[in-house]
Structures are given as structure tokens and as C-alpha cells.
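Reader: Hi! Please walk me through this one, and start with how you name the pieces.

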Amino acid sequence: MVIDTRCAGGARSPPCAELRVLVVGGTEFISLHLVRALRRDGHEVAVLNRGRQPGRVPAGVRTLVCDRKDHAALARVLAGERVDGLVDVTYAPTTGADVDALLDALAGRVGHAIFVSTGRVYDHARPIPFDETTPRTLYWGEYARLKIEGEDVLLRRHREHGLAVTIVRPTHVFGPLNTRNNETFFFDRLVRGRPVLLPGPGGWLRQFGHVEDLADAMAAMLGHPAAAGQAYNVTGEESVTQAGFVEVIAEVIKRPLTLVPCPPGETPPPFGQNLVYDCHAVYTTTKVREELGIRPRYTLAAGIAQTFEWYLKEGLGRRELDFSREDALLRRSG
Ligand SMILES: NC(=O)c1ccc[n+]([C@@H]2O[C@H](COP(=O)([O-])OP(=O)(O)OC[C@H]3O[C@@H](n4cnc5c(N)ncnc54)[C@H](OP(=O)(O)O)[C@@H]3O)[C@@H](O)[C@H]2O)c1
């Protein structure tokens, strides 16, 4: 993520004052990249999680062990804490009451709270692209409902108590350590010379954001006065069709690609866990660029190349995978 310090209102330009930041999560994907970005920028960081992967917590980072769903435990563990920044990343699934409980446990002791929401709060039946004024609906069901609840808790605290809050709405986050089998799904097939089954014509548009860009954006927003009371789409700036995404990956990792239409009616169609659905998903990033001067550092191709390097380094291309269902579908596809 590039921070343009010339913008009106100016993003914080590193090196900035050291902040005390609490990250809810901290050991898996987005939240771990955020912890790394904050440490790189010289901030003091604590994480709050259930302590299932202590080995993942970077050196110098304090862990507060707590299940965020246990509100009494939250109040106990956060009783003595005072933070400049709080970033609520973990979806547990997190309800509005859970977000309220977290803020109550830190009442009067938080400078700026960021809530990681999702682009899936927007009504995806509307024409693309979706900007921050696109109506929020339950198009995406329970996930959207809970994220909207969480957003509203923050916005209410901003309105009623003047708490500095910011809502971040990422979409299709990719990159090293991804816990979702999206880009790795296609790496797995392409490195083995396997065809990729395509759901329908594969023409629905998607927009991907690199996890380091998301982490850098949140680190840059912390303590930024212009971000208070605002919601921002944070993602990459290229949209691409489902088929186009696979083509970009094949081109970047220099493997031949054969796309094969998936037999109709297959549930779920075997195509990158989260990429299958039938609607466009395209979002503007104008607001975060104009108001905070934040824009992504990675193009889609550069991000894929960097993620593929990580995939190879981790030896993921050699792991055992079961392709029997796909083999049967490919036989049926002729
Ligand atoms: N990936 C995407 O494309 C995407 C797109 C839009 C929005 N998002 C949002 O991004 C957020 C982060 O997702 P992520 O998958 O990268 O996960 P993450 O926050 O990096 O990893 C989950 C973390 O939460 C902790 N955790 C899980 N349940 C907990 C609980 N009940 N209490 C306390 N800590 C708990 C885990 O540690 P323990 O297991 O030790 O507790 C772990 O540290 C989510 O809010 C998601 O909705 C993701």
C-alpha cells in the first residue's frame, strides 16, 4: 500500500509516533499481517485471541488470551489496558453485542477503533461498482447481518460519544498465509498440469486485494483524524472475471491453462471456494485514495507472483490432495 503524504489532510507519514495498538486476532491471516505491519512501523502491539497458535505471535507482541464471545472474560482481561488504537479483525462469528462488549471493556481507554467489516454488506443486486454509499442489505444473509450490526455499534459510539471509529470493507483478500483456498486452489491445479473446471461462462467480475496492502492501509488509518466516523472500501484496483483471474494466475506462474466448463447443477461447483457465486463484485476505492491518500502497492499480477513465491517456499505445491471428485466431473465433461 502506498501512502501519498501529499494528499489533502495528509496520511500519517512514517515514521510516526509510537502507538499502543490492540489487535483482536493476530495469529492467522489478515490480523497477523496487520501485526507485522504495525511492528514494522515501530508500534507497541498486543493481540487478543484464544491462544490456539502461540507460536505464530511475532516477537515483542503481548498476547491477551480470551474468547471474545465470553464478555465477562473480556472485561477481566482488558481491565487494565489503555490503547491508542484497537483493530477488531476476528470474525467469531462476531455479533453487534460482541463488538459492544469489546468497546465496553475498554470504555474511555481507546483512542481510535477500527472494525474490519466486508464489501458483502452492500446490496449486490445493485449496479456495480459499489461505493461506500451503496445501501447495505442482507443480500449476503447472516454474514452481512452481523457485519452491519458491528458497523452500527461503532457508528453509534461515534455519534453519541465522539469515539473515533473507522470501518474497513475489504473484498477477496489474497496473499501469503491465506486461510481460504482461493488463489492456492488454482496454484494446486496449475502446478500439476491439471485443467480448471469453470462454473458457467466464468464471466462474473471479481476484485481482489493483497493482504499486505490491507494491513498497511489499516496501519496508516490508525490515529488519522480524517478517518474518524468513516467507512472505506479497501481492496485492489483491478476487476477481473472469474475466468480472467485464472488466466492471470496461469500467465504469472507460467503454466499452461485449460479451462473446462463444469457440468451444470454441480453443488458446490469446484472452483476456488469463494469465487463461485453468481453476481458481480466490484468496488470503488476512490474514497480511501482521495480522503486518506492510500492506494495499493500490489497490482493483481504482482500480488499473485509474490503469493506464488510463498506457496513454493512453503512446499505447498507438493502436498497430497484428493482430486477424485474433479476427475469424475472432468470425465463427464468429455
Ligand atoms: N479473507 C477475506 O477475503 C475477507 C474479506 C472481507 C472481510 N474479511 C474479514 O476479515 C477478518 C479476518 O479474517 P481472517 O480470516 O484473516 O482471520 P484472522 O483475524 O487473521 O484470524 C483469526 C484470528 O482470530 C482469533 N480468534 C478466532 N476466534 C476467536 C474468538 N472467539 N475469540 C478471540 N479470538 C478469536 C484466532 O486465534 P485463536 O484461534 O487462537 O482464537 C486468530 O488469531 C474477518 O472479520 C473477515 O470477516 C475477510
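Author: Happy to. Helices are DSSP runs of H or I with at least four residues, strands are runs of E with at least two, and both are numbered from the N terminus. Residues are numbered from 1 along each chain as its sequence is written. The model is predicted, so local features need pLDDT of at least 70 and side-chain atom pairs count only at pLDDT 80 or more, while totals for chains, interfaces and linings use all residues.

Reader: Good. How many helices and strands are in the chain?

Author: The chain has 10 helices and 15 strands. Its C-alpha trace spans about 65 × 45 × 40 Å along the principal axes.

Reader: And what share of the residues is buried?

Author: Of the 334 residues, 43% are buried. Buried stands for 20 or more other C-beta atoms within 10 Å of a residue's own, exposed for 12 or fewer, and partly exposed for anything in between, with C-beta atoms placed from the backbone.

Reader: What about contacts between residues at least 6 apart in sequence?

Author: Among those, 79% join residues at least 24 apart. A contact is a pair whose C-beta atoms, placed from the backbone, lie within 7 Å.

Reader: On to the ligand. Which residues are closest to it?

Author: Gly25, Glu28, Phe29, Ile30 and Arg50 are the closest of the 28 residues that surround the ligand. To be in that shell, a residue needs its C-beta atom, placed from the backbone, within 6 Å of the molecule.

Reader: Which helix gives the most to that shell?

Author: Helix α1, residues 30-40, with three residues.

Reader: Let's stay on α1, then. How many of its residues are buried?

Author: Eight of its 11 residues, so α1 is mostly covered. The buried ones are Ile30, Ser31, Leu32, His33, Leu34, Val35, Ala37 and Leu38.

Reader: What do they pack against?

Author: They pack against β2 (20-24), β3 (44-49), β5, β6, β8 and α6. Just after α1 comes glycine 42, with a positive phi of about 90°.

Reader: Leucine 32 caught my eye. Why does it count as buried?

Author: Because 24 other C-beta atoms lie within 10 Å of leucine 32. Setting aside neighbours within four places in sequence, leucine 32 is in contact with Gly26, Thr27, Arg56 and Leu177. Then there is alanine 215: it is 183 residues away from leucine 32 in sequence, yet the two C-alpha atoms are 8.8 Å apart.

Reader: And leucine 34, what is it in contact with?

Author: Beyond its neighbours within four places, leucine 34 is in contact with Val23, Val87, Val89, Ala215, Met218 and Ala219. In the largest nonpolar core, which has 78 residues, Val23, Leu34 and Met218 touch the most other members. Helix α6 (residues 211-221) gives the most to this core, with eight residues. A core here is a set of buried Ala, Val, Leu, Ile, Met, Phe, Trp, Tyr and Cys residues joined through C-beta atoms within 7 Å.

Reader: What is in the second core?

Author: That one is separate and has six residues, including Val121, Tyr122, Trp140 and Tyr283.

Reader: New topic: α4. Which of its residues are buried?

Author: Ala144, Leu146, Lys147, Gly150, Glu151, Val153, Leu154 and Arg157 are buried in α4. Their cover includes α3 (96-105), β6 (110-116), β7 (164-170) and β12 (230-234). Glycine 162 follows α4, with a positive phi near 70°.

Reader: Now the odd backbone spots. Where are the cis peptide bonds?

Author: One joins alanine 92 and proline 93, with omega about -10°. Proline 93 lies in the loop between β5 (83-88) and α3. Another joins isoleucine 128 and proline 129, with omega about 0°, and proline 129 is in the loop between β6 and α4.

Reader: Which residues other than glycine have a positive phi?

Author: Histidine 172 has one, about 30°, and leucine 177 has one near 75°. Histidine 172 sits in the loop between β7 and β8 (173-174), while leucine 177 is in the loop between β8 and α5 (183-191).

Reader: Are those two buried or partly exposed?

Author: Histidine 172 counts as buried because it has 20 C-beta neighbours inside 10 Å. Leucine 177 has 15 other C-beta atoms within 10 Å, so leucine 177 is partly exposed.

Key: Two residues are in contact if their C-beta atoms, placed from the backbone, lie within 7 Å.
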